[in-house]
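Reader: Could you take me through one part of this structure in some detail? I would like to hear about the aromatic rings and what surrounds them.

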Amino acid sequence: MKIAIFVDDNGKTLPFHTKGTIELYVSQGDSWRSARRIPLEKDECMSLADIRSRIRYVASEIEDCQVFVVETIKSLCIAIFEANGITIWKDQGIACEALDYIREQEEKNQEKKVKSCCCDSPQCRTTCPSVEISATF
């Protein structure tokens, strides 16, 4: 798993609109290592197009990472990130200390998504292949 955190020079989580560095962490078993550092400039007075461009830039730089941690972020930015498949976590302090917790919560969220497949819907219970398989046992 990869987790990207927007931090200052001391590793403290920053608001998304400020100048800082994206620290990309990769899990290796039970530990984490910093895989990449990506500088990001300040963006307080940006148009919607500029904000989208900034988010696309971040998404392309963190590649297949699906978790981005910031101190604060505007709800519009959260919606754009989520539309790009990236979950936003808010954290105040030294976010790298919360990497294990974030991973655990993300794994739980993935399990919930798998469990809430279309078979939970009454409309597909008669046509879903997984229902047919479970009915044969």
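Author: Happy to! Let us begin with F16, which is buried, with a relative accessible area of 2%. Please keep in mind that this is a predicted model.

A search of the whole structure finds five aromatic pairs. In one of them, F16 meets F81 edge-to-face, with 5.4 Å from centre to centre and 75° between the planes. The planes count as edge-to-face because the angle is over 60 degrees. F16 lies in the loop between β1 (2–7) and β2 (20–28), while F81 belongs to helix α2 (residues 75–83), so this pair ties together parts that are 65 residues apart in sequence. F81 is buried too, with a relative accessible area of 0%.

F81 has a further partner in F68. Here the rings are tilted, at 5.3 Å centre to centre and 35° between the planes. This pair also links distant parts of the chain: F68 sits in strand β4 (residues 67–70) and F81 in helix α2, 13 residues apart. Like its partner, F68 is buried, and its relative accessible area is 0%.

Now put these rings together. F16, F68 and F81 join F6 in one aromatic cluster. F16 has a charged neighbour as well: the charged end of R54 sits over the ring of F16, 4.7 Å from the ring's centre.

So what should you look for on screen? Start at the ring of F16 with the charged end of R54 over it, go on to F81 in its edge-to-face pair with F16, and finish at F68, tilted against F81.

How values were computed. Residues numbered from 1 in each chain as written. Predicted model: local features only at pLDDT ≥ 70, side-chain atom pairs only at ≥ 80, totals over all residues. Heavy atoms only, no water. Phe/Tyr/Trp six-rings, centres within 6.5 Å; stacked < 30°, edge-to-face > 60°. Helix = DSSP H or I, 4+ residues; strand = E, 2+ residues; numbered from the N terminus. Buried < 20%, exposed > 50% of the residue type's maximum accessible area, 1.4 Å probe, protein only. Lys NZ or Arg CZ within 6 Å of the ring centre and 35° of its normal.
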